[in-house]
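Here is a short briefing to read alongside the structure. Keep the viewer open and follow the topics in turn.

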Amino acid sequence: MAYEALKQEVEQQLINKVNSDPSLHNVYLLVHSERLNIHWPMAAGSTDGVAATPDQPFHTASVGKTFTSVILTQLVESGLARFDDPIAKYLPPELIQGMHIYKGKDYSQDIQIKHLLSNTSGLPDFFEEKPKHRPSMLQEVLDDPQRFWTPRDTVEWSKEHLRPHFPPGKKVYYTDTGYNLLGMVIESITGSSYEEVLHERIFRPLQMNHSYLSQFSLPAVQSAAPTAHLYLDHIKIEVDQYRSLSSFYSGGQTVCTLADLLIFMKALVKGQLVRKESLRVMQTWRPLQMGLRYGYGLMQLRFLPFTSKYTVWGGLGASGAFMLYVPAMDVYLAGTFNQTTYRTKAMNYLFFNVLRKLGNISK
């Protein structure tokens, strides 16, 4: 009875949050636990007047990096690649040339697959960074929404306008450029496009029927609900019409539903996608910022420093998107606030309005 009352409270708070914050337009949340015997899919807000529903597809932002890292790990398990392979083994020489020149030394040939997976390559980030004397790529994406960007376009743009930050392997620096390179590595190894591999290795086997790579593929089953709009602060992004979003590619261009994200995360936790020992390698955590550590396409977030009860791991996105597992409580969390101003606020909301309350009941 306590869990049912908490579900109603969480759902009402979600509705109240959307109603009280003009920056929020559509929010999706799924709380699931086999141990606690709960499954709470919920949604609030709307898309062009259509009320949000828990089965509505939405852009998952950098949660998609987890899909990319799992595919690379599968290829390593199959003996088709190694984590310490240089990416120059798989990519055109003219693309590699001059990619990583730091303090006069060329490290381009030293970049390994594991450096890209762990965000330790030192390469710049085309999404977050702004060149000194020209608009950022994000501004170009917004100014020309019908331009189609290939992953190679984004890498060449980074090479021309941005500079690396440190030699490969020395520090952690989050870079979407690196993850687009990983998509190209996947294509080189498999001989198939990234989106084809994504469906072949993840979406179809797991029957994630409503998931797809926007601008590149279609879902196995078309949703009756429209894809939820994404918001960059006050700017509304109609995900499937915004061709320039293609620039995010293998770094975060997937569209999923709550149910599909849960399917994926449960399969990852239970060893159905990669072996347990491979998952441990993916969880080689390195500090990214206070309370947040990065592995291979995975993040670990420790909400409280003095207990592991509220330590979570999984995927996070700049739009307030999340796909997380709480080992100590056996709780899965999936969803999005679909608003870039909620990158941090989304996690605070989950902790105070969901996890702490669940933890108090399940003591």
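The points below go from the sheet and its helices to ring pairs, charges and salt bridges.

Please bear in mind that this is a predicted model. At its centre of interest here is an open sheet of 9 strands with antiparallel pairing. We also visit 17 aromatic pairs and 14 salt bridges, picking out some of each.

**The sheet**

- Reading across the sheet, the strands come in the order 3-2-1-16-15-14-13-12-11.
- Strand 3 (50-51) and strand 11 (286-289) are the edge strands, each pairing on one side only.
- Strand 12 (residues 292-294) and strand 13 (residues 299-302) run antiparallel and are joined by 3 bridges. If you look along this pairing, Tyr 294 faces Met 299 of strand 13, standing opposite that residue.

**Strand 16 and its neighbours**

- How many of the residues of strand 16 are buried? The count is 6 of 6, so strand 16 is largely enclosed by the rest of the structure.
- In a regular strand, side chains alternate between the two faces of the sheet.
- Strand 16 can be read in that light: Val 331, Leu 333 and Gly 335 point one way, while Tyr 332, Ala 334 and Thr 336 point the other way. Residues in both of these sets are buried.
- On one flank, strand 1 runs antiparallel to strand 16 and is joined to strand 16 by 5 bridges. Here Tyr 28 stands opposite Thr 336.
- Strand 15 also runs antiparallel to strand 16, again with 5 bridges between the two. In this pairing Met 323 is the residue opposite Ala 334.
- Strand 15 and strand 16 make a hairpin, with 4 residues between them. One residue to check in the turn is Asp 330, which has a positive phi of about 55°.

**Helices on the sheet**

- Helix 1 (residues 2-20) packs on the sheet, where it touches strand 1 (26-33) and strand 2 (38-47). The direction of helix 1 makes about 15° with that of strand 2.
- Helix 11 (residues 345-361) lies across strand 1, strand 2, strand 13, strand 14 (311-316), strand 15 (322-326) and strand 16 (331-336). Relative to strand 15, helix 11 runs at about 30°.

**Aromatic rings**

- Tyr 28, met above opposite Thr 336, also pairs with Phe 58: the ring centres are 5.4 Å apart and the planes lie at 15°, so the pair is stacked.
- This pair links distant parts of the chain, with Tyr 28 in strand 1 and Phe 58 in strand 4 (residues 58-59), 30 residues apart. Both Tyr 28 and Phe 58 are buried.
- Tyr 325 and Tyr 332 form a tilted pair, 4.6 Å from centre to centre and with 40° between the planes. Tyr 325 and Tyr 332 are both buried.
- Which residues do ring pairs link into a cluster? They are Phe 148, Tyr 194, Phe 216 and Tyr 249.

**Charges over rings**

- Lys 65 places its charged end over the ring of Tyr 179, at 5.6 Å from the ring centre.
- Arg 147 lies over the face of Trp 149, and here the distance to the ring centre is 3.6 Å.

**Salt bridges**

- Lys 266 and Glu 34 meet through their side chains in a salt bridge, at 2.8 Å from N to O. Lys 266 belongs to helix 9 (residues 258-269) and Glu 34 to the loop between strand 1 and strand 2, so the pair ties together parts that are 232 residues apart in sequence. Glu 34 is partly exposed, with a relative accessible area of 43%.
- Glu 140 and Arg 134 form a salt bridge with an N to O distance of 2.4 Å. Are these partners buried or partly exposed? Glu 140 is buried at a relative accessible area of 16%, whereas Arg 134 is partly exposed at 29%.
- Arg 275 and Glu 277 form a salt bridge at 3.4 Å, N to O. Arg 275 counts as partly exposed at 42% relative accessibility, and Glu 277 counts as partly exposed at 42%.
- Through shared partners, salt bridges join Arg 82, Asp 84, Asp 85 and Lys 89 into one network.

Note on methods. Residues are numbered from 1 along each chain as its sequence is written. This is a predicted model: local features need pLDDT of at least 70, side-chain atom pairs count only at pLDDT 80 or more; totals for chains, interfaces and linings use all residues. Side-chain values use heavy atoms; hydrogens and water are left out. Two strands pair if DSSP finds at least two bridges between them. Contact means heavy atoms within 4.5 Å. Axes are lines fitted to C-alpha atoms, for helices over the stretch in contact, and angles run from 0 to 180 degrees between N-to-C directions. Rings of Phe, Tyr and Trp (its six-membered ring) pair if their centres lie within 6.5 Å; planes under 30 degrees apart count as stacked, over 60 as edge-to-face and the rest as tilted. Buried means under 20% relative accessible area, exposed over 50%, partly exposed in between (1.4 Å probe, protein chains only). A charge sits over a ring if NZ of Lys or CZ of Arg is within 6 Å of the ring centre and within 35 degrees of the ring normal. A salt bridge is a side-chain nitrogen of Lys or Arg within 4 Å of a carboxyl oxygen of Asp or Glu.
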